[in-house]
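Trainee: I am new to this structure. Please pick one part, look at it closely, and then lead me outward from there.

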Amino acid sequence: KPSFSLTKTPLVCHGHTRPIVDINYSQPTPDGIFLASASKDGQPQLRDGRTGDWIGTFQGHKGAVWSCTLNESAFVAATGSADFTARVWDATSGDELCVLPHKHIVRTTAFERGMTGHRLLTGGAEKVVRVFDLNR
């Protein structure tokens, strides 16, 4: 049974300029653990999950970013935004790999589990779940 102390001092990660609306840890990888955060500032960020050090910002959205997640290997990130898109990113370089247009705000994204997971789920204001095969 884990024991937690309520008197621990938290690690504080500054960088977003508007409220943070989603935050996710990666699975442990040979390169470490990573932290992905989404914010109303439209600048999803990637950080070292142990130190909180900023690694990079995924740039390209034109509105608030509601979701930011990493696949199991932490090599690929996905974001969902108020600009009616989900975007897929190379998490090691920050390059945008593809833009997935939607008809309304994308509020959530999730990768298929497993190291070879190639499907991305999105959901939001359209009231439907979309399943994208990223290998196609």
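**A ring pair and its surroundings**

Mentor: Phe58 is buried, and so is Trp89. Keep in mind that this is a predicted model. We start with these two residues and work outward.

How many aromatic pairs does the structure hold? It holds one. Its members are Phe58 and Trp89, with ring centres 5.4 Å apart and planes at 35° to each other. That angle is neither under 30 degrees nor over 60, so the pair counts as tilted. Where do the partners sit in the chain? Phe58 is in the loop between strand E4 (54-57) and strand E5 (65-70). Trp89 belongs to strand E7 (residues 85-90). With their positions 31 residues apart, the pair links distant parts of the chain.

Now widen the view. Both Phe58 and Trp89 belong to the largest nonpolar core, which has 12 residues in all. Other members include Phe34, Ala36, Leu46, Val65, Cys68 and Leu70. Ala74, Ala77 and Ala91 are also among them. Which elements give two or more residues to this core? They are strand E2 (34-39) and E5. In soluble globular proteins, nonpolar side chains tend to be buried together.

Take Leu70 as a sample member. Set aside its neighbours within four places in sequence. Leu70 then contacts Phe34, Ala36, Leu46, Ala77 and Ala91, among others. Ser26, Val76 and Phe111 are also on its contact list. Another core lies apart from this one. That second core has eight residues, including Val76, Ala78, Val88 and Leu120.

Next come the strands. Begin with E2, one of the elements that supply the largest core. E2 pairs with strand E3 (residues 45-48) over four bridges, in the antiparallel sense. Here Ala36 has Leu46 in E3 as its bridge partner. Those two residues are both in the largest core as well. Five residues separate E2 from E3 in a hairpin. Gly42 sits in that turn, with a positive phi of about 75°.

E3 goes on to pair with E4. These two run antiparallel and are joined by three bridges. Arg47 is matched with Trp54 in E4. This is a hairpin too, with five residues between E3 and E4. In its turn, Gly52 has a positive phi of about 80°. After E4 comes the loop that holds Phe58.

Now to the sheet with Trp89's strand. Four strands form an open sheet in the order E5-E6-E7-E8, paired antiparallel. E5 and strand E8 (96-101) are the edge strands, each pairing on one side only. Neighbouring strands here are turned by 15° against each other on average, direction ignored. Strand E6 (residues 76-81) runs antiparallel to E7, with five bridges joining them. One match across them is Thr79 opposite Arg87 in E7.

Between E6 and E7 there is a loop, and Phe84 is in it. Phe84 has a positive phi of about 70°, although it is not a glycine. Is Phe84 buried or partly exposed? Its relative accessibility is 34%, so Phe84 counts as partly exposed.

A second open sheet has three strands, in the order E9-E10-E11, with antiparallel pairing. Its edge strands are E9 and E11. The twist from one strand to the next averages 25°. Five bridges join E9 to E10. Val106 stands opposite Gly124 in E10.

Two loops finish the tour. Gly117 is in the loop between strand E9 (106-111) and E10. Gly117 has a relative accessible area of 18%, which is under 20%, so this glycine is buried. The C-alpha atoms of Gly117 and Asn71 are separated by 7.5 Å, though the two are 46 residues apart along the chain. Lys127 lies in the loop between strand E10 (119-124) and strand E11 (130-133). Its phi is positive, near 65°, in a residue other than glycine. Lys127 is exposed, at 75% relative accessible area.

One last ring deserves a look. Arg107 lies over the face of Trp66, 3.8 Å from the ring centre.

Notes
Residues are numbered from 1 along each chain as its sequence is written. Side-chain values use heavy atoms; hydrogens and water are left out. Rings of Phe, Tyr and Trp (its six-membered ring) pair if their centres lie within 6.5 Å; planes under 30 degrees apart count as stacked, over 60 as edge-to-face and the rest as tilted. Buried means under 20% relative accessible area, exposed over 50%, partly exposed in between (1.4 Å probe, protein chains only). A charge sits over a ring if NZ of Lys or CZ of Arg is within 6 Å of the ring centre and within 35 degrees of the ring normal. A nonpolar core is a set of buried Ala, Val, Leu, Ile, Met, Phe, Trp, Tyr and Cys residues joined through side-chain atoms within 4.5 Å. Contact means heavy atoms within 4.5 Å. Two strands pair if DSSP finds at least two bridges between them. Axes are lines fitted to C-alpha atoms, for helices over the stretch in contact, and angles run from 0 to 180 degrees between N-to-C directions.
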